[in-house]
Amino acid sequence: MTDFDWKQLFNPEFYILLQIGGVKIGLYVVLFIVFAETGLLAGFFLPGDSLLFLCGIYSESLMKELSTGNDFVNVTFLAALISLMGIVGNMLGYWVGVKSGSYLFKKEDTFFFKKKYLFQSKEFFDKYGSKAIVFARFLPIIRTFAPVIAGIVEMDKKKFMFFNVLGSVLWSFTMIFSGHYLYELFLTQFHIDLKHYIEIIVIGIILITTVPVLMKLLKKRK
């Protein structure tokens, strides 16, 4: 911690490997970030998709204290914990939307809250309807505000919970299992340790998840 650099806050690996007094707290930090990304409306700058992919790569380290002795069970348990936090975070976001109504659309911008992202999320929700809750999970920024929009438009609670659970489970299991088994594949078949290419992986995931959204926005402006 003595060599801390604020730029590390944008590096998913920093959270996963975080220790305080020699005690590893990476798992708990990851769970909080997943919750905060939708539950606290302050997660649009946090490393969502890349964080989960790296969780798959570092699953053995993250689950060391809770290990069952079975690799597949450990990865499944990790994905289940993260999907649970995603579900709870979305539920809180939905509640905020129900209670706040139109207030958020009149709220001034702050460091943590950007109104333009709220409008972009509403457009996305209007286009895809209920399915937006699932799709949003795989899109940075949009996933932060999608459950809030669902609450504002008073989406049916049962329908919201169905798509909330479905989206969170698909997102967490897809990203974590991909990271875990691609890491093993590259290590055993090609003798390439993906942990040595974390920066490239993070940049690649960011490009894959954000470029389509940016292109869509630019096309709409034109």
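## A guided tour from the core to the cavity

Select C55 to begin: leaving out residues up to four places away in sequence, C55 touches I16, V30, L62, L78, I82 and I176. The model on display is a predicted one.

**The largest nonpolar core**

Next, add I16, L78, I82 and I176 to the selection. Together with C55, these residues touch the most other members of the largest nonpolar core, which has 34 residues. To see where this core comes from, colour helix 1 (12-16), helix 2 (26-39), helix 3 (48-57), helix 5 (71-100), helix 10 (157-189) and helix 11 (198-221); each of them supplies at least two of the core's residues. In soluble globular proteins, nonpolar side chains tend to be buried together.

**A separate core**

Now select Y94, F113, F124 and L139. They are among the 24 residues of another core, which lies apart from the largest one.

**A buried arginine**

Move to helix 9, residues 142-152, and select R143 within it. Is R143 buried or exposed? Its relative accessibility is 3%, and because buried means under 20%, R143 counts as buried. Display the side chain of D49 as well: a polar contact of 3.3 Å joins it to the side chain of R143. Then show the wider surroundings of R143. Apart from neighbours within four places in sequence, R143 is in contact with E37, T38, G48, D49, N90, A136, R137, F138 and W171.

**The cavity**

Keep R143 selected and add N90, I133, A136, R137, A146 and P147; these residues, with R143, line the largest cavity. The volume of this cavity is about 30 Å³, and a search of the whole structure finds one cavity of 30 Å³ or more. Which elements give two or more residues to the lining? They are helix 8 (132-136) and helix 9. Helix 9 provides the largest share, three residues. Colouring the lining by class shows four nonpolar residues, one polar residue and two charged residues.

**A serine in helix 5**

For the last stop, return to helix 5 and select S100. The relative accessible area of S100 is 18%, so this residue is buried, the cut-off being under 20%. Display the backbone of V96 too: the side chain of S100 reaches the backbone oxygen of V96 at 2.7 Å.

Conventions: Residues are numbered from 1 along each chain as its sequence is written. This is a predicted model: local features need pLDDT of at least 70, side-chain atom pairs count only at pLDDT 80 or more; totals for chains, interfaces and linings use all residues. Side-chain values use heavy atoms; hydrogens and water are left out. A nonpolar core is a set of buried Ala, Val, Leu, Ile, Met, Phe, Trp, Tyr and Cys residues joined through side-chain atoms within 4.5 Å. Buried means under 20% relative accessible area, exposed over 50%, partly exposed in between (1.4 Å probe, protein chains only). Helices (H or I, at least four residues) and strands (E, at least two) are DSSP runs, numbered from the N terminus. Contact means heavy atoms within 4.5 Å. A polar contact is a pair of N or O atoms within 3.5 Å; within protein, one must be able to donate a hydrogen and the other to accept it, and residues adjacent in sequence count only if both atoms are side-chain atoms. On a 1 Å grid over the protein atoms alone, a cavity is a set of points where a 1.4 Å probe fits but cannot get out, and a pocket is an open set with protein on both sides within 12 Å along at least five of seven lines; lining residues have an atom within 4 Å of a point. Grid points are joined across faces, edges and corners, and a volume is the space filled by probe spheres set on the points. Ala, Val, Leu, Ile, Met, Phe, Trp, Tyr, Cys and Pro count as nonpolar, Asp, Glu, Lys and Arg as charged, and the others, Gly among them, as polar.
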